[in-house]
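Please look through the sequence and the structure shown here before reading on. The text is meant to be followed with both at hand.

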Amino acid sequence: MAASKQKPLFHDINFTLIRGPQFSGDEYDKVRQHLLDHGGVEVELEPSSQGVPTINLEDTTHIISPDIEFTEFSELERRRLAGEIDQRMLTVTKPSWVYDSIAKNRTQNVRAYNADPRMIFSGIDAVIADLPEGDSEAICGGILAMGGLYKTHLSKLTTHIVALTLDNDVCKTALEKGLGAKIVMPHWFDDCLKLNRRIDETPYLLPNADIMTMKASDPLPYPSVNLTHTHDHREKLEVDPKYMRRETVIFTGKTFFFSGELGLNEKLLKIITDIVIQGSGKIATEIKDANVLVCPWRHGDDYLYASQKGIDVGNLTWLYWMTTRLEWVSPRKFLLHYPRAKIPIPGMEEMIISVSNYNGDARMYLENLIEAAGATFTRALKPENTHLITARDHSDKVDAAREWNTNIVNHLWLEESYAKWEMQTLTNPKYTTFPKRTNLMEIVGQTRIDLEAISHVFFPPDEEEDEDEDVEMADANADAKPKKSMGKGKAKTEEEEDEEEEEEEEEVEKKPAKKVGRPKGSKSTLIEDPTETPRSDKRVSALLETPKATILGSSPPLSTGSRRAKESATKKLHEIMPDVLKFEKEKKRKGGVTHGGRRSHTPEVETSKGPKKRSLPEETDPDPMDEDEKPEKPKKQKKKSMEKVVISVYLLLTSHQAWIDRPSREESDKRALREIGIQCIENPDAHVTHVCAPRVVRTEKFVCALARAPIIVNSSWVDECLKQKTIVDTKPYLLKDAEGEKKLKMNLKESLERAKENEGKLLEGLTVYVTPNVSPGFETFKKIVEANSGSAALFKQVKRGGIAANKEASTSKRLVLVTASKDEKLWAGFKRMAKESGWDPLVYSTDWLLDAAMTQKLVWGDRFSLSK
């Protein structure tokens, strides 16, 4: 019996644990001890010459960490880019794998525990219910490819059931046993795979899935997202590290070098170095002694050295954010934490971009990203705009963009163009996918810097290949001279011919070399000449007319030097060809090329490029989504007339009776108003200049818009503008509703005057908690609070830590709970928690918030109190 003793659970596991902000202390020790107790063998990290710890991949079978935000992973990525290791060696497993394996008494499949956020279905254990076989196989394949698992039977581990209805045995069993698995429609997996992002399942949940019961155009609340980390506060350089007074360990093992290009004065440099030292980091005086570089630009010797050596490179925004959050993250996790480029993304400088259906931090982030990419951002959409980035495909801007034939994309197009430093094709369906009941703002800021893609542009590898070839040739030809003097006699003659071919090609290559960043490009080509104009059409024609034999490099090499020259020329030409073709295509796209115009030889381009590269036919195939490839004459004429219109009024209409009585009038009226300079908008954001209402009403739009102090007119003003086909004076049509004002105990004129003084900041610095059962719902009150610069949070249960401590008790002590009688059970808990956190709790009815927003003044007292 002793001989058949069962082996320990982790007997074949050699593990490396990675400490981090979310994985240290007791939790780290607990996981480590579990692994050791069950037969696992720990493999220690190994130091490297650069001071960046490395993982011993030869002995390690499992890398365990809750995320991939650690320096060792950056080193692994560098080694993968260098071809030293395989992609499969980069798998990082979450600590929960250890606990679940012990609970089940068998090692679990690591696929469901992949810590890489790019594995969007990691953690999903799905069962397919009643789908056709083909659909089922496609979904299962997608789940496996993106880090999830699927099974044919239910278990306690099942997280998702994929079904079209609840009328099947799998769903009935799950509901009867109360398994708690989410029953989603297959559309959710389809949309996630199209976007390559994991979106919220709620609109897809059975039995009453929103995607089946609601229209795509129905109102949809903005999702709650935390994007403070994505801001690029270049102007806020003067910081006070008071939040770092106590020492931390976030920079343990990090040695920082600060680039001279930061332009820091002595005082500020002292502050920043203190921040690093207080975080247990060190300061280096030379880049070769550092493993972290902080610099503003993707340029210069320090940046090139650090990037080629795999050292972490970030900007000051990244450093400030880490010290504020007291946690380490990779500078490549968020796009604006990585140094900016001094040059625009090739072609992006011609783009004029506006944004729709994003608000708050998400909107600010996209504005910063557009400018960082080298494009022009406009708040209002105009006929000359080339792109509209939108989170949904329904809004006034979207309608206008369709009418003006403006490209409509989601934010992934911009993020991935920036991440790869190459403008992405609009024919990729990922960038034109808009799920029916999802606001894509919920997945903003999830794109990482693609180090492999940008390396070809900003830090090409050292030119070691030619040197290696010369070493290899030394044995075969002992008399060979050094590289520069190789190839005499006949070889020299052929090499001269090859060099002449290269010179002709290089003349055409200058622009594309900057665009694709060929690996052996010089610094000056990549960075120092951002103003170079597009090459002339004659140069393009010259390249396209190059004989096929030259393009394919089919001439037999007669010497080592000649072969290398031919191979180099062939490689360069093959790299440049896609961009030559893109250039020709972009000339047909509005805003694509400054001196663009259709060329008579375009058909020859399309014919000649077919066999050169597998991806090229995608560029030639017409795509129905790419409308500017085939503009229609009526739309051109329409656009021409619209270009003369300057939008001067942004009008928000609420309870407009004419459209309620005759819905068919709405679209035609909006178009007519736009033609005279009035843009109808759906949301009361900062752009609103006018509000049209039949009376004083407490609708969401009206209440939120008041914070902007707009001109408020009655419905007759709109009718008169349409009648006279011009913007008429608003004075005779200003809204007057004495009865409504009396009923709501307000004076509209005084409210507007106070709104001007408040500048939309009535609730600035105030957090308002809202209970779940308020009518008409939390989202409505959240919008009202945020319209007045406050913060809103949902309060649905009493739990420790549910209310943040009051750190400014001397200036602000009030904490408000807006609630309804149905939520009375939460009141006592809220008051107790608020007092424990240093607040003076106030439990008010919803009328308090509505009255404050309508009158634009705060009133404290028992009038609205629900709990005395």
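The paragraphs below treat confidence, then one strand and its partner, then salt bridges.

This is a predicted model. Mean pLDDT over the chain is 77, and 71% of the residues reach at least 70. Two stretches have values under 50. In residues 232-239 pLDDT remains under 50, and the model has 16 contacts beyond four places in sequence for them. The other is residues 587-643, where pLDDT also stays under 50 and the model has 79 contacts beyond four places in sequence.

Strand β24 covers residues 840-845. Five of its six residues are buried, so β24 is largely enclosed by the rest of the structure. Its partner β23, residues 814-819, runs parallel to β24 and is joined to it by six bridges. Within this pairing, L817 has V843 of β24 as its bridge partner. Between the two strands the chain passes through helix α31 (residues 827-836), and the resulting β-α-β crossover is right-handed.

Turning to the side chains, the model contains 27 salt bridges. One of these joins R674 and E403, with an N to O distance of 3.2 Å. R674 belongs to helix α25 (residues 665-675) and E403 to helix α12 (residues 396-403), so this salt bridge links distant parts of the chain, 271 residues apart. How accessible are the two side chains' residues, buried or exposed? R674 has a relative accessibility of 5%, and because buried means under 20%, R674 counts as buried. E403, at 16%, counts as buried by that cut-off too.

A second salt bridge is formed by K701 and E682, at 3.4 Å from N to O. K701 sits in helix α26 (residues 700-706), while E682 is in the loop between β18 (678-681) and β19 (690-692); the pair therefore ties together parts 19 residues apart in sequence. K701 is partly exposed, with a relative accessible area of 25%, and E682 is partly exposed at 33%. Both residues also belong to a network of salt bridges that links D396, E666, K670, E682 and K701.

R863 and D851 form another salt bridge, 3.1 Å from N to O. D851 lies in helix α32 (846-855) and R863 in the segment after that helix, with their positions 12 residues apart in the numbering. Here the two partners fall into separate classes of accessibility: R863 counts as exposed at 53%, whereas D851 counts as buried at 13%.

Technical notes
Residues are numbered from 1 along each chain as its sequence is written. This is a predicted model: local features need pLDDT of at least 70, side-chain atom pairs count only at pLDDT 80 or more; totals for chains, interfaces and linings use all residues. Side-chain values use heavy atoms; hydrogens and water are left out. Buried means under 20% relative accessible area, exposed over 50%, partly exposed in between (1.4 Å probe, protein chains only). Helices (H or I, at least four residues) and strands (E, at least two) are DSSP runs, numbered from the N terminus. Two strands pair if DSSP finds at least two bridges between them. A crossover is right-handed if, with the strands pointing away from the viewer, the path from the first strand over the helix to the second runs clockwise. pLDDT is the predictor's confidence in each residue, from 0 to 100. Contact means heavy atoms within 4.5 Å. A salt bridge is a side-chain nitrogen of Lys or Arg within 4 Å of a carboxyl oxygen of Asp or Glu.
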